[in-house]
Amino acid sequence: WVDELQNANNKFVDIKNERYTEESSKTSLRMKKVRTEIDAQYKEIVNRINAQILLNGDTNYIDFVTALNQRIENVKLVLAKRRGGKGGDEDENNNMQ
């Protein structure tokens, strides 16, 4: 019985040490701040593509925009499932026009 208790204790210590190692290897980035910066850059890209569509027509961009919008919708669905909802609670204006 003592041997089993000692083995269980050793396993616990090993798992605890693994978690400490995992925690120390995690990024030090603050995701809210990074996300805000990335969102601003993403919106700028969307604005530029939309401007090109307005200037040149959508013929050259329709396949790209359709594929990108489909990826956006897929990510929204995955996030909604993780949150337990039916649809994403993100702003619908994130899709390109």
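Student: In this predicted model, is R48 buried, partly exposed or exposed?

Tutor: R48 has a relative accessible area of 56%. The class of exposed residues begins over 50%, so R48 counts as exposed.

Student: Which residue forms a salt bridge with R48?

Tutor: The partner lies with R48 in helix α2, four residues apart, about one turn of the helix. At 39% relative accessibility, this partner counts as partly exposed. The closest N and O atoms of the pair are 3.1 Å apart, and the residue is E44.

Student: How far apart are the closest N and O atoms in the salt bridge of D39 with R35?

Tutor: Both residues belong to helix α2, which covers residues 31-56, and they are four residues apart. D39 is partly exposed at 27%, and R35 is partly exposed at 48%. Their closest N and O atoms are separated by 2.8 Å.

Student: Is K76, the salt-bridge partner of E73, buried or exposed?

Tutor: E73 and K76 are three residues apart in helix α3 (residues 62-83), a separation of about one helical turn. E73 is partly exposed, with a relative accessible area of 29%. K76 has a relative accessibility of 8%; the limit for burial is under 20%, so K76 counts as buried.

Student: What accessible area do W1, V2 and L5 have together?

Tutor: W1 is found in the segment before α1 (2-25) and is exposed, at 78% relative accessible area. With V2 and L5, W1 forms a nonpolar surface patch. The accessible area of the three together is about 430 Å².

Notes: Residues numbered from 1 in each chain as written. Predicted model: local features only at pLDDT ≥ 70, side-chain atom pairs only at ≥ 80, totals over all residues. Heavy atoms only, no water. Patch = residues over 30% accessible without salt bridge, like charges linked within 9 Å, V, L, I, M, F, W, Y side chains within 5 Å. Areas by Shrake-Rupley, 256 points an atom, 1.4 Å probe, with all protein chains shown as cover. Salt bridge = Lys/Arg side-chain N within 4 Å of Asp/Glu carboxyl O. Helix = DSSP H or I, 4+ residues; strand = E, 2+ residues; numbered from the N terminus. Buried < 20%, exposed > 50% of the residue type's maximum accessible area, 1.4 Å probe, protein only.
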